[in-house]
Structures are given as C-alpha cells and as structure tokens.
Protein chains: 2
Amino acid sequence: MGITIGVFDSGFGGLTVLRELLPLTPGAHYIYLGDTARLPYGSKSQTTIARYAVESARFLQARGAEHLVIACNTASALAMREIRESVEVPVTGVIEPVVDAAYHRHPNADVLVLATSATVQSHAYRLHCAGRGLRASEKACPLLVPLVEEGWVDHTVTRDVLRVYLREALTACSPEAVLLGCTHYPLIAPAIKATLDELDSRAEVIDSARATAIAIERAIQLSHPASAGRATFQCYATDSTEKFAHLGSQFLGQPIPAVELLDLGG
Amino acid sequence: MGITIGVFDSGFGGLTVLRELLPLTPGAHYIYLGDTARLPYGSKSQTTIARYAVESARFLQARGAEHLVIACNTASALAMREIRESVEVPVTGVIEPVVDAAYHRHPNADVLVLATSATVQSHAYRLHCAGRGLRASEKACPLLVPLVEEGWVDHTVTRDVLRVYLREALTACSPEAVLLGCTHYPLIAPAIKATLDELDSRAEVIDSARATAIAIERAIQLSHPASAGRATFQCYATDSTEKFAHLGSQFLGQPIPAVELLDLGG
C-alpha cells in the first residue's frame with residue numbers, strides 16, 4: 001500500500017490540484033473532501049472558516065490520511081495555523097508552493113496575484129511573497145469563478161472580463177510572473193496567458209495547482225518509498241453528490257465515480 | 001405602532017423587495033434577516049434549505065414579526081410548505097406574486113422566466129405558471145448574480161452576457177412577458193429590457209420585487225389599519241456585517257445603518 005493523502009477544498013476547485021497530483025504520485029490513494037454544503041468560504045469570517053477547515057481536516061485524518069493538502073486558497077490564507085494544530089500529520093497549503101515556485105524562477109521580481117476577493121483581502125499572498133523578497137500586487141477577480149463554473153472557459157465574455165481585470169492590474173505594476181491564486185483559474189490559464197500577450201505583458205503564468213502538486217511529490221518522496229501502480233481516489237461532498245460528480249469532472253479532467261455524501265453538520 | 005414584518009433572504013437580494021416595500025407601507029417596521037453565513041442556498045439540498053429557512057422564519061417570528069416575506073427565490077421554490085408549517089403568522093413568497101402579476105397582465109400567454117440554476121431546476125415557476133394557464137420557459141442565468149455583486153450593472157460585459165442568455169432563450173419561445181425570478185435582477189432590469197428590444201422581443205419585464213411588495217401591501221391592508229409615518233427597518237446578517245452594509249446599500253438604494261450580527265449556528 002502506498003501513502004494515503006487527504007485533499008480538502010470548500011468545493012470543486014481543489015480537484016485541479018488532485019488532477020496534477022494523480023500522475024505525479026504513483027501508488028498513492030487520495031481522499032478528496034469538497035465541503036460543498038458550506039461553500040463559498042470567501043464570504044465567511046476567519047473564525048467560521050477555521051472551524052469548517054478543522055472539521056474537514058480531522059475527518060480526513062480519521063479516514064487514514066497521512067498527509068493533508070489544503071487545496072483551498074481561502075483556508076490556506078486564513079486557517080493554516082488552526083489546521084496544523086488540529087491534526088498530527090503534515091499539512092501543505094496552496095499558497096507557499098506557488099510563491100516558492102515564483103521565487104525560484106524570478107527572484108526579487110514584481111509579481112501579480114489573481115485571486116478571489118476574500119483571498120486578496122487576507123493579503124496572504126503579499127505576506128508570503130514579501131517573505132521571499134517578491135513584491136506582489138494583488139488583484140481581486142470575482143467573476144472568474146462563476147465564468148469557469150458556467151463552463152465559459154473559451155468564451156469571448158471571459159476574454160473581455162480578463163481584459164478588464166488585467167488592464168486594471170497592469171496599470172499598477174509590470175510583473176514578471178502572474179500567480180493564479182485560486183484553484184479554479186488553471187482551467188482558464190490559456191486565456192489568461194493570451195490576454196497578457198495581447199496587453200504586451202511578458203509575464204509567466206504560474207499555476208498554484210501544479211506548484212502544489214510538485215511540492216507534495218517532493219514531500220512524500222522524503223517520507224514514503226515510491227509505490228507502483230496508478231494513484232486512486234475517493235471523493236466526498238457535503239451536499240449534492242450529483243452536482244459534484246458532474247461539475248467536478250470538468251476540474252479533474254476525468255469522470256468521478258461514486259461520490260459519497262458526508263454530513264459535517266451545520 | 002404599525003405592523004412588524006419580517007423579511008428573509010439568504011443574502012442581499014431580498015433588499016430589492018424591502019426597497020419596494022418601504023414606500024408602499026407607511027408606519028410598518030421591517031426586520032430583515034440575510035443568512036449571509038450560509039449563502040448561496042442554491043447549491044444546497046432541499047432538506048438543508050428548508051432547515052435554514054425554518055430557523056430564520058422562527059427567529060423573525062420570535063422578534064415580533066406579524067407577517068413574513070420570503071424574499072428568496074430558492075427558499076420560495078423549495079421550502080414554502082415547511083416555513084408555513086413552522087410559524088403561526090402568514091407567509092408570502094416571491095414566486096406567487098410575480099406569476100399572479102404576469103397572469104393578470106397577460107392571461108394565457110407564453111412567458112420567459114430568468115432565474116438562477118437552482119430555481120430553474122426546481123421548476124417552481126413553471127408549476128405556478130401552469131396553475132394560472134401560463135406557458136413558462138425557464139432560463140438559468142448563473143452569471144447575472146456575480147455581475148450584479150461586482151457592480152457591473154451598466155457594463156458592456158453584462159450586456160454581452162444578457163445577449164447570450166436571451167438569444168438562447170428566445171430561440172425556444174416568443175414570450176409576452178419576462179419574469180425576473182431572482183431578487184438580484186431588478187438592478188439590471190433596464191439592461192434586460194434594452195437587450196430584449198435589441199433582439200426584437202416586445203416582452204414586458206415583470207419584476208418579482210415590485211410584484212411581491214404590492215402583494216404584501218394588499219395583504220396587510222386587510223389585517224392592519226394604515227399607520228402614519230415612514231416605514232422603518234432593522235437588518236440582521238449571519239456573517240460580515242460590514243460587507244452586508246456595504247453591498248446591501250446598493251440593493252436597498254439607501255444606506256443601511258447598524259447591521260446586527262446574528263448566530264444561527266452551522
């Protein structure tokens with residue numbers, strides 16, 4: 001048996017992290033929990049978010065997770081300390097890996113972080129970037145999640161919205177890297193890159209899903225010998241397993257069989 | 001003392017109903033509850049929505065409400081029976097009034113209902129319309145709420161999104177009336193009307209906020225003598241009173257002083 005890894009998000013977005021993890025970690029078994037009954041976390045207080053995230057982390061540990069991935073920017077920004085204190089296994093969030101990736105590729109650079117309003121208001125990216133000597137501008141892009149969930153990843157409206165957001169952001173900074181600070185955004189990474197090109201920015205797009213998966217791969221190589229075989233996964237959702245399976249498969253890039261309904265209360 | 005009326009929504013949208021109610025009901029006092037900690041209801045199961053709505057209805061009754069307005073399409077579509085069974089005061093939802101208004105203006109007509117995905121999936125509008133001899137097409141418009149919440153009510157992107165949704169809807173029907181089946185949509189009613197004109201539809205836009213306010217005015221005229229003086233209101237939110245006051249004032253069309261934080265659990 002390979003390692004069991006718990007992956008947590010408030011909804012579907014974290015499946016972009018799982019999508020990157022599956023091919024990188026042969027033999028691993030993943031337990032994914034989407035707290036869909038209580039999403040979005042972004043509009044909730046820090047106390048509430050920490051309580052929800054801790055409940056989910058404890059559930060995943062109780063189901064045998066030996067490593068936790070907090071594949072949720074809001075919880076990574078606002079509740080990492082509480083989560084780490086509540087479990088006995090290592091916990092990796094999505095913010096540190098992508099900031100590390102940006103740092104190693106563009107030390108001392110100006111970077112632009114695209115994220116939801118809640119993540120921007122937390123300034124978690126700016127703080128982590130400052131700790132690595134990166135100067136971060138943060139731009140809230142609240143329409144991108146609904147556009148991705150509508151499936152308009154190649155739509156002209158999405159390009160128009162990106163043009164508005166990126167033009168506003170690029171008047172304030174000239175970044176060498178653009179960090180995707182939301183796990184929904186990898187699905188529109190090509191549109192983001194194309195819009196940057198159109199606006200004469202040469203910034204590299206760095207994807208938190210990919211960066212987090214690479215960080216996890218490295219972390220478990222240290223603690224667990226490589227196993228053979230394909231990685232497997234089981235998904236839990238706290239509401240509407242049908243919607244989870246349907247919408248989630250677009251994020252995971254493959255069908256999601258047998259989602260289990262979980263009641264965390266509330 | 002005039003009548004005390006409780007108004008409930010999962011968030012801010014119901015403030016468009018309160019906005020229509022205030023000038024129509026002199027002397028009334030309103031208690032508005034936005035269950036912002038648990039929004040959006042649309043992604044939750046019927047059982048969960050009914051439980052949340054009943055908790056809110058009981059809170060409003062306990063605070064002295066003599067009439068309840070369920071200014072939330074999702075709860076009106078999925079939980080009216082449970083709400084009515086849980087309190088001893090009359091309860092008015094947002095669906096029956098707008099369907100009644102459409103029926104009186106356009107009997108036996110084809111109508112188009114614009115709403116969120118959850119409301120469309122419930123087919124509550126189609127059922128209520130069928131009961132009045134109206135043939136309803138229902139069109140889910142999931143991007144409109146985030147566009148309104150972004151404040152892009154006059155934005156070209158919003159017009160582009162409306163063009164996509166309305167063009168799709170009008171290939172399937174030729175409505176005499178368009179019913180706004182979401183309490184966010186009154187803020188973009190002018191853009192909806194302009195887009196219908198552009199697409200050569202002569203449909204009248206009927207607004208559920210306005211229709212519901214008129215229904216309440218009539219209902220309380222029967223039970224309560226008219227009072228003098230301006231109507232007053234007190235707002236409660238279950239999370240982030242600052243955000244409620246800020247975003248809510250756009251829906252209410254006036255500042256919202258002293259929002260109180262309320263803990264309903266969960």
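These are my notebook entries on the cysteines, the chain interface and the salt bridges of this predicted model.

**Ground rules**

I number residues from 1 along each chain as its sequence is written, letter chains from A and number ligands from 1 in the order in which they are written. Because the model is predicted, local features need pLDDT of at least 70 and side-chain atom pairs count only at pLDDT 80 or more, while totals for chains, interfaces and linings use all residues; side-chain values use heavy atoms, with hydrogens and water left out.

**Entry 1: cysteines**

I looked for disulfides (a pair of cysteine sulfur atoms within 2.5 Å) and found 0 over all chains. Next I asked why Cys182(A) has no bond to Cys72(A). The closest cysteine sulfur to that of Cys182(A) is in Cys72(A), and at 9.0 Å it is too far for a bond. Cys182(A) has 6% relative accessibility and so counts as buried; the scale I use is buried under 20% relative accessible area, exposed over 50% and partly exposed in between, with a 1.4 Å probe and protein chains only. In chain B, I checked Cys129(B), which is in no disulfide either, as the nearest cysteine sulfur, that of Cys173(B), is 12 Å away. Cys129(B) is buried too, at 0% relative accessibility.

**Entry 2: where chain A meets chain B**

I counted contacts (heavy atoms within 4.5 Å) and got 26 residues of chain A touching 26 residues of chain B. The buried area, meaning the accessible area (1.4 Å probe) that two parts lose on being put together, summed over both, is about 2000 Å² here, and carbon and sulfur atoms give 60% of it.

How many residue pairs are in polar contact across this interface? I found 4, with both residues at pLDDT 80 or more. My rule for a polar contact is a pair of N or O atoms within 3.5 Å; within protein, one must be able to donate a hydrogen and the other to accept it, and residues adjacent in sequence count only if both atoms are side-chain atoms.

On the chain A side, the elements giving two or more residues are helices H2 (46–62), H8 (144–149) and H9 (156–170). I take helices (H or I, at least four residues) and strands (E, at least two) as DSSP runs, numbered from the N terminus. H9(A) supplies the largest share, 5 residues.

**Entry 3: salt bridges**

Side chains of opposite charge can pair when their charged atoms come close. With a salt bridge taken as a side-chain nitrogen of Lys or Arg within 4 Å of a carboxyl oxygen of Asp or Glu, I count 32 over all chains, but 0 between chain A and chain B.

I then looked at some pairs in chain A. Arg132(A) and Asp100(A) meet at 2.6 Å, N to O. Arg132(A) lies in the loop between helix H7 (124–131) and strand S6 (135–140), and Asp100(A) in helix H5 (residues 95–105), 32 residues apart. Arg132(A) is partly exposed at 34%, as is Asp100(A) at 24%.

Glu204(A) and Arg105(A) pair at 2.5 Å, N to O. They join strand S8 (residues 204–207) to helix H5 of chain A across 99 residues. Glu204(A) is partly exposed at 22%, whereas Arg105(A) is exposed at 53%.

Is Glu138(A) buried or exposed? Glu138(A) is buried at 16%, and its salt-bridge partner is Arg126(A), with the closest N and O atoms 3.5 Å apart. Arg126(A) is partly exposed at 41%.

Finally, I noted a salt-bridge network that links Asp35(A), Arg38(A), Arg51(A) and Glu55(A).
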